[in-house]
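Me: Could you take a close look at one single part of this model, the one named in the heading below? I'd like to know how it sits there, and then what surrounds it.

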Amino acid sequence: MDQKKSPEYDVIIIGAGVIGSAIAREISRYELKIGVLEKELDVCSETSGRNSGVLHAGFNNEPGSLMAKYCVEGCLGFDKVAEELDIPFSRTGKIVVGFDAEDKDKLIRLKEQGDQNGVPGLEIIGKERIKELAPYVDGEFAMYSPATGVLNPFIYTIALAENAHHNGVDFFFNNEVIAIKHLENTSKNEINSEKSYEIKTTQGCYATKWVINCAGLNADKIARMLGINDYTIYPCRGEYFILDKKAGEFLKLPAYPVPNTKEGGLGIHLTPTIDGNILIGPSTEYIEERDNYSSTQEIMDLLIKDGGRIFPYLKREFFIRNFAGIRPKLVNKDVGGYADFVIEAREEAPHTILLIGMESPGLTSAVPIARRVIEMMSEKEYLIEKVNYDPYRKGILCFNEQPLEKKRKLIQQNSNYGEIICRCETITKAEILEAIHNPLGVETVIGIKNRTRAMMGRCQGGYCETRISEILMQEKDKPENEVIYARQGGKMFVGKVRD
Ligand SMILES: Cc1cc2nc3c(=O)[nH]c(=O)nc-3n(C[C@H](O)[C@H](O)[C@H](O)COP(=O)(O)OP(=O)(O)OC[C@H]3O[C@@H](n4cnc5c(N)ncnc54)[C@H](O)[C@@H]3O)c2cc1C
């Protein structure tokens with residue numbers, strides 16, 4: 001590795017999922033030069049963009065665990081984060097429904113665990129109250145959690161990263177970390193005056209004093225590059241169905257079955273998304289590969305069967321798409337259940353912080369986890385607060401949600417608001433253009449989808465995907481064969497069908 005050519009950073013974060021992005025934003029409060037290395041072409045390309053989007057209240061986690069502590073903190077503190085980042089979020093509440101005596105015992109224990117963790121307002125409710133809260137959900141009794149909410153995991157992660165970038169953090173996409181080397185540092189900069197690291201990626205080298213490992217499903221591999229061999233991640237896939245918005249009216253809050261703690265998931269549940277769809281899933285299936293996001297017939301049948309148990313109104317005509325996420329588990333199938341989050345600094349790799357096994361409730365816990373990372377850094381480093389740190393970020397204005405008068409004004413001011421590109425979700429050209437010119441400089445079709453909801457409706461891009469690709473080509477001056485859907489190599493167009 002060539003030390004001279006490497007740009008120097010105080011902190012390099014590996015991975016731009018929700019954890020890496022939350023840490024980047026939190027550290028950007030301080031006078032440090034910070035870089036984020038991400039192997040994919042955008043933030044939230046892996047687990048952070050493939051989950052239920054539930055802001056968990058914290059009753060599922062063992063009292064005293066980091067998961068319980070950070071989940072409760074993350075949930076209760078989320079209103080402020082959502083306000084600062086201008087992201088949609090709703091405290092819908094949630095019910096966990098049961099049918100028999102065994103379920104009832106488990107629910108009572110779950111409530112006690114939640115009370116112990118400091119989850120507010122938990123109550124056991126009967127059938128009548130279930131019908132008031134969720135008229136189309138079946139169950140003899142339930143535990144109601146008023147603090148639970150739903151959020152859009154893409155927008156949340158994007159907002160964290162954009163705000164970090166606004167506060168000076170550099171993001172490097174398409175940079176897969178392939179090797180890390182310890183260096184004796186010669187820099188005059190005080191923070192770089194100790195032994196540090198050179199990180200080699202598929203695009204170049206980066207020198208840094210601190211390495212924060214947030215590589216999700218590859219966090220064990222990055223730890224090995226740092227000389228720490230204690231961890232193995234066991235990928236555990238969860239598949240989902242997405243239901244059309246016309247099913248959304250049947251369910252206004254997440255409805256879960258009583259969890260089977262040995263299984264390592266929360267059971268196949270129904271979650272209304274913040275945008276009005278419903279998710280059914282996820283399944284819990286240990287797999288070999290860390291990037292096998294396939295959907296399988298067997299699991300799709302299971303989702304229909306299990307989802308239909310608590311939501312008998314489920315119909316196949318509601319299904320518009322499926323997807324899968326992969327849990328980065330630190331326990332294998334035989335052990336089952338959950339291991340706690342690993343957030344640690346190790347003597348053998350000074351100035352590194354490892355975040356491993358960040359499975360659910362990692363989305364909910366991201367901000368308190370990031371604050372813990374700052375605490376750990378400040379035990380070794382005097383951190384100077386920036387005077388001009390700005391916690392606020394403005395999201396893309398959603399034309400469809402504006403009152404009629406505002407819509408008229410927007411069109412008068414900018415005619416691109418008058419051109420609807422995605423008909424299912426009513427997304428205008430102005431919103432598409434704003435997504436294309438996003439501050440992180442992402443250039444994929446899915447990057448536009450995740451920022452605007454274009455292509456997420458009933459037709460799933462059947463009408464607008466090519467128009468959006470065309471706008472992307474014009475704005476970025478790209479030929480057809482360089483338009484990428486999501487991942488490097490995933491070309492939208494490979495040749496002409498006819499002239
Ligand atoms: C099915 C499912 C449902 C879930 N539901 C919820 C929920 O409802 N609520 C909740 O709170 N939590 C939920 N979670 C958990 C939550 O999604 C995760 O805890 C969280 O997304 C983890 O974020 P992360 O940043 O650690 O990982 P990731 O999002 O995976 O980010 C890691 C990043 O590192 C990058 N990377 C990997 N290797 C390298 C490398 N060598 N070089 C550079 N970059 C690299 C990856 O490309 C990736 O972008 C769910 C998880 C799953 C799987």
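**Around Asp-477**

Reply: Happy to. Asp-477 has 7 C-beta neighbours inside 10 Å, so it counts as exposed. (On this scale a residue is buried when 20 or more other C-beta atoms lie within 10 Å of its own, exposed when there are 12 or fewer, and partly exposed in between, with C-beta atoms placed from the backbone.) Keep in mind that this is a predicted model: local features need pLDDT of at least 70, side-chain atom pairs count only at pLDDT 80 or more, and totals for chains, interfaces and linings use all residues. Residues are numbered from 1 along each chain, as its sequence is written.

Asp-477 sits in the segment after helix H14. (Helices are DSSP runs of H or I with at least four residues, strands are E runs of at least two, and both are numbered from the N terminus.) Its phi is positive, about 55 degrees, although Asp-477 is not a glycine. For context, most residues other than glycine have a negative phi.

Now step back into the helix itself. H14 covers residues 465-476, and its 12 residues should span 16 Å at 1.5 Å a residue; the end C-alpha atoms are 16 Å apart, which agrees. (The expected span is 1.5 Å times one less than the number of residues.) Which residues of H14 are buried? They are Ile-468, Ser-469 and Leu-472. Seen down the axis of H14, these buried residues fall within an arc of 100 degrees, so they line one face of the helix. (The arc is that of the directions from the helix axis to the C-beta atoms.) The general geometry is a handy reminder here: an α-helix has 3.6 residues a turn, so residues three or four places apart point the same way.

What does that face meet? The buried residues of H14 pack against strand E21 (420-422), helix H12 (429-436) and helix H13 (445-452). (Two residues are in contact if their C-beta atoms, placed from the backbone, lie within 7 Å.)

H13 deserves a moment of its own. In H13, 8 of the 8 residues are buried, so the helix is largely enclosed by the rest of the structure. Among them are Val-445, Ile-448, Lys-449 and Arg-451. The cover over the buried residues of H13 includes helix H6 (153-166) and strand E22 (427-428), along with H12 and H14. Just after H13 comes Arg-453, with a positive phi of about 80 degrees.

Another positive phi turns up at Thr-426, about 50 degrees, and this residue is not a glycine either. Thr-426 lies in the loop between E21 and E22, and with 16 C-beta neighbours inside 10 Å it counts as partly exposed.

Let's follow the chain on past Asp-477. Met-492 is also in the segment after H14. Is Met-492 buried or exposed? Neither quite: it has 19 C-beta neighbours inside 10 Å, so Met-492 counts as partly exposed. Leaving out residues up to four places away in sequence, Met-492 touches Val-445, Ser-469, Val-483, Ile-484 and Tyr-485. Val-445 is one of the buried residues of H13, and Ser-469 is one of those in H14, which ties the segment back to both helices. As for distance, the C-alpha atoms of Met-492 and Asn-416 are separated by 24 Å, with their positions 76 residues apart along the chain.

Finally, the wider setting. The domain assignment gives domain 1 (90-148 + 235-325) and domain 2 (399-482), with bounds that come from an automatic or database assignment. The C-alpha centres of the two lie 32 Å apart.

For a helix to set beside H14, try H4 (residues 101-117): its 17 residues reach 24 Å from first C-alpha to last, close to the 24 Å expected at 1.5 Å a residue. Leu-107, Leu-110, Gly-114 and Asn-117 are buried in H4. Seen down the axis of H4, they fall within an arc of 80 degrees, so they line one face of the helix. Turned away from that buried side, the other face carries the exposed residues Ala-101, Asp-105 and Arg-109. H4 is followed by Gly-118, with a positive phi near 90 degrees.

Notes
Expected span 1.5 Å × (residues − 1).
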